Amino acid sequence: MKHTSALLSGCIRAAPIVLGYVPIGLAFGVLARSSGLTTGAVLGMSLMLYAGSAQFLAVGMIAGGAGFLPITIATFFINLRHLLMSAALAPHLRGHPLRKLAFFAHELTDESFALHSTAFQKGLCPSLGEMVSLNATAQIAWVASTVAGSLIGGAIPDPAALGLDFALPAMFIGLLSGRLTDRRQSLVALTAVILAVAGCWILPGNWLVVAAASVAAAAWAVKA
Amino acid sequence: MKGSFTFPNLLPLYLALFAVTFIPRFLPMAVLTRFNLPGWFQRWLANIPAAILAALTAQTILVHGKATVFRPDQIAAAVVAGVIAWRTKSLFLTVAGGIVAVVVMRAVI
């Protein structure tokens with residue numbers, strides 16, 4: 001009984017994440033489809049990666065003709081922030097078996113981290129079952145909306161005529177704007193733009209993104 | 001990446017991407033003990049998402065192959081999307097506004 005109510009409570013607490021994921025998931029599905037990914041490829045990616053910005057990044061790079069290694073390294077870089085989130089939650093997750101933690105960790109996103117860390121901050125101690133149920137609800141919403149978006153995308157004959165080729169850059173601009181929280185982040189972004197444009201004749205394809213981003217991030221990693 | 005993007009074709013890439021997505025999520029948690037990254041590394045990490053998104057945005061709009069490219073429709077639409085993102089903080093409105101802007105610019109230019 002207690003177990004069932006914990007699972008239910010996890011589902012309910014996921015509601016704000018679900019509301020946020022559905023439009024982005026639909027947009028991702030349409031985009032991925034117009035970039036040449038089949039619905040099966042979208043489903044597989046949402047199940048295996050389950051990471052919004054990393055999935056947009058990967059589709060952008062796949063569509064841009066980037067190679068295996070640049071795509072993998074860029075994805076690793078964009079996911080590095082999860083190291084800090086995972087480390088921050090660790091003290092609250094002591095005593096659970098690793099296989100359960102692995103399941104929990106796979107569904108750790110910016111949004112689920114925000115909810116879990118706020119709960120811990122308030123002194124609440126949700127059970128692992130409740131937290132996993134929250135995560136799973138969010139992932140189901142993501143998978144379903146990306147697949148739905150892909151099916152909708154398949155019904156659109158000429159995506160460029162509708163301006164859909166610009167959806168991916170616009171999405172990057174939106175994601176980037178959310179990261180520009182202070183002056184330092186804006187300087188990092190500006191440096192990365194300059195390096196990416198200035199370096200394009202030296203570095204092939206998407207090594208450019210990885211190199212420009214690492215150098216720009218390092219340039220502003222000095223103490224405040 | 002060449003060829004058609006079906007799940008079987010992409011599976012090797014997906015396995016690599018799964019690994020690089022799962023490891024940062026799981027490793028610190030698995031270690032569970034106090035996990036102290038050096039300060040400079042934390043600051044570098046904190047800058048990475050903005051840096052990578054900015055580099056990627058610039059490359060998508062301003063670079064083609066190994067040269068810069070001037071696409072007035074995309075640049076104008078990017079400015080519109082940037083302003084919408086800054087004022088509304090809404091991902092949905094940013095994408096919708098950017099798409100409308102690019103269609104309008106193509107009709108005008």
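Q: When do two residues count as in contact here?
A: When their C-beta atoms, placed from the backbone, lie within 7 Å. This is a predicted model, where local features need pLDDT of at least 70, side-chain atom pairs count only at pLDDT 80 or more, and totals for chains, interfaces and linings use all residues. Residues are numbered from 1 along each chain as its sequence is written, with chains lettered from A and ligands numbered from 1 in the order in which they are written.

Q: OK, how many residues of chain B are in contact with chain A?
A: 63 residues of chain B, touching 83 residues of chain A.

Q: Which element of chain B gives the most to that side?
A: α2(B), with 20 residues. Others giving two or more include α1 and α4 (91-108) of chain B. (Helices are DSSP runs of H or I, at least four residues, and strands runs of E, at least two, numbered from the N terminus.)

Q: Switching topic: where does α1(B) bend?
A: Helix α1 of chain B, residues 7-31, bends at Leu13(B) by about 40 degrees. That's the angle between axes fitted to the seven residues ending there and the seven starting there.

Q: And in chain A, at what angle do α3(A) and α9(A) pack?
A: About 160 degrees, with axes 9 Å apart; axes are lines fitted to C-alpha atoms over the stretch in contact, and angles run from 0 to 180 degrees between N-to-C directions. So α3(A) and α9(A) are roughly antiparallel (over 145 degrees).

Q: Which residues of α3(A) make the contact?
A: Thr39(A), Val42(A), Leu43(A), Ser46(A) and Leu47(A). On α9(A), Trp142(A) and Gly154(A) are among them.

Key:
Angles under 35 degrees count as roughly parallel, over 145 as roughly antiparallel, 65 to 115 as roughly perpendicular and the rest as oblique.
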